[in-house]
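Okay, thanks everyone, I'll keep this short. Could we get the sequence and the model up on the screen?

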Amino acid sequence: MKIITIVGARPQFIKAAMVSKAIIDFNKDKGYNAIEELILHTGQHYDENMSHIFFDQLSIPLPKWKLDGKDKTIDQLCEMIYPIINKEKPDYVLLYGDTNTTLAGALSAERANIKIIHIEAGLRSFNLTMPEEHNRIETDKRSTLLFCPTSTAVKHLQNEGIPQNVYQIGDVMYDAALYFAKISKTESSILTSLNLTPKHFNLATIHRAENTNNIERLKEIILAFNQIATKDKPIILPLHPRTKKVIDNDDCLKQLILQNTNIVIIEPISFIDMIALETSAYKILTDSGGIQKEAYFHKTPCITLRDETEWVETITNGWNQLSGCNHKEIIKCYNTNPTTTPISEYGDGNAANKIIDIIWQKKF
């Protein structure tokens, strides 16, 4: 069986690490190369620390193809992806999440008449102004095998008339959290290098288009950061290239973010270092879907800088709060400590192995 895995952004590298590991382990158990995985890296979100380092640190097999997909539209990505998969004719194209790379992969596979596997199927924010919502809906429509992390995701697909070949297998990101948390304890030195004391700093990330493409939203978020960040609890902000570009091009934003020295801006970091920060942070403020879950995995309270979330379980179980972008609401959420309860939806840390077993059972 031949599978082409298409990745292009941070969360996809992390999930791919676990599924690639599961494929390697599966082949070892079989005693031969039962599943051949070839990786196509679109380069959609290319940055040395956010891209190449994942292949080094997470032991993902090096991509056979690496494209220059940075800042490309879905149509442009399709024109780059389609000739490759049409020539290779894999049995499946495997896709993750909801980026432009995801939908471009789905459209290209459909055009080449290749079956599609979608990991993280069925997630919905019900905000159709988000590119990610459009991407995940259209990818699910075209997928042959749909792997859902939660029962809520399964219900969403059922409501959309997609009841067949849908599997709730838990969350691959939970697999990664368990696996790499152990590694980060010995391999990450970021707390020492930044002179941080556990639970005496906050971690923040901003990258979603709904925030970075709206100057007023971004100003409100940074205004809140200014009021939250103190000498005792600074905010560590690994700055995404997209966000950095917006801030660098706006003098007001630049001045606002620089006026509080307790907002510590750092370069994008490796996943191992990110886990170390997530595990040790007092609270996390983010607009990232993946980091919302990682916060729960490491039992760190989270404030989500959006108006909705796909990960409703993190809200209902008290680990996450939706603040939107109003600075007063962000501060209010930061100062609130909801009662928390465990989340059973995300599985037992074996989602990747379950995915490979099902793919093999369903082959051809």
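I'll go through a pair of helices, then the empty spaces, then a few single residues. Keep in mind that what you're looking at is a predicted model.

Let's start with the helix pair. Generally, you describe two packed helices by the angle between their axes and the distance between the axes. Here the pair is helix 1, residues 10–30, and helix 7, residues 172–187. Their axes come within 9 Å, and the crossing angle is roughly 80°. The window for roughly perpendicular is 65 to 115 degrees, and so helix 1 and helix 7 count as roughly perpendicular to each other. Who's touching whom? On the helix 1 side you've got Pro11, Ile14, Lys15, Ala17, Met18, Val19 and Lys21. Helix 7 brings Val172, Met173, Asp175, Ala176, Tyr179 and Phe180. If you sort that contact by class, you get ten nonpolar residues, three charged ones and no polar ones.

Okay, on to the holes. How many cavities of 30 Å³ or more are there? The count comes to one, with a volume of about 40 Å³. Its lining is Lys15, Ile119, Glu120, Phe147, Pro149, Ile169, Gly170, Asp171 and Val172. You've just heard two of those names: Lys15 and Val172 also sit in the helix 1 and helix 7 contact. By class, the cavity lining has five nonpolar, one polar and three charged residues.

The largest pocket is another matter, with about 1,100 Å³ of space. It has 48 lining residues, and those nearest its centre are Ala9, His45, His207, His240 and Arg242. Which elements give two or more residues to that lining? They're helix 1 again, plus helix 5 (131–142), helix 11 (241–248) and helix 14 (289–297). And the class split for the pocket lining is 17 nonpolar, 16 polar and 15 charged.

Now some single residues, beginning with glutamine 168, which is in strand 7, residues 166–168. Buried or exposed? Relative accessibility is 42%, and partly exposed runs from 20% to 50%, so glutamine 168 goes down as partly exposed. Leaving out residues up to four places away in sequence, glutamine 168 touches Cys148, Pro149, Thr150, Ser151, Val154 and Glu345. Pro149 is also on the cavity lining. There's a long-range pairing here too: glutamine 168 and alanine 351 are 183 residues apart along the chain, and their C-alpha atoms are separated by 9.0 Å.

Next, backbone angles. As a rule, most residues other than glycine have a negative phi. Lysine 89 isn't a glycine, yet its phi is positive, about 50°. You'll find lysine 89 in the loop between helix 3 (74–88) and strand 4 (92–96), partly exposed at 46% relative accessible area. Lysine 299 also has a positive phi, about 60°, and isn't a glycine either. Lysine 299 is in the loop between helix 14 and strand 12 (302–304), and it's partly exposed at 43%.

Last one: leucine 62, in the loop between helix 2 (52–57) and strand 3 (65–66). Leucine 62 has a relative accessible area of 63%, which makes it exposed. Its C-alpha is 7.1 Å from that of isoleucine 39, and the two residues are 23 apart along the chain.

That's my tour, thanks.

How values were computed:
Residues numbered from 1 in each chain as written. Predicted model: local features only at pLDDT ≥ 70, side-chain atom pairs only at ≥ 80, totals over all residues. Heavy atoms only, no water. Axes fitted to C-alpha atoms, helices over the stretch in contact; angles between N-to-C directions. Helix = DSSP H or I, 4+ residues; strand = E, 2+ residues; numbered from the N terminus. Parallel < 35°, antiparallel > 145°, perpendicular 65-115°, else oblique. Contact = heavy atoms within 4.5 Å. Nonpolar A, V, L, I, M, F, W, Y, C, P; charged D, E, K, R; others polar. 1 Å grid on protein atoms, 1.4 Å probe; cavity = no way out; pocket = protein on both sides within 12 Å on 5 of 7 lines; lining within 4 Å. Points joined across faces, edges and corners; volume = space filled by probe spheres on them. Buried < 20%, exposed > 50% of the residue type's maximum accessible area, 1.4 Å probe, protein only.
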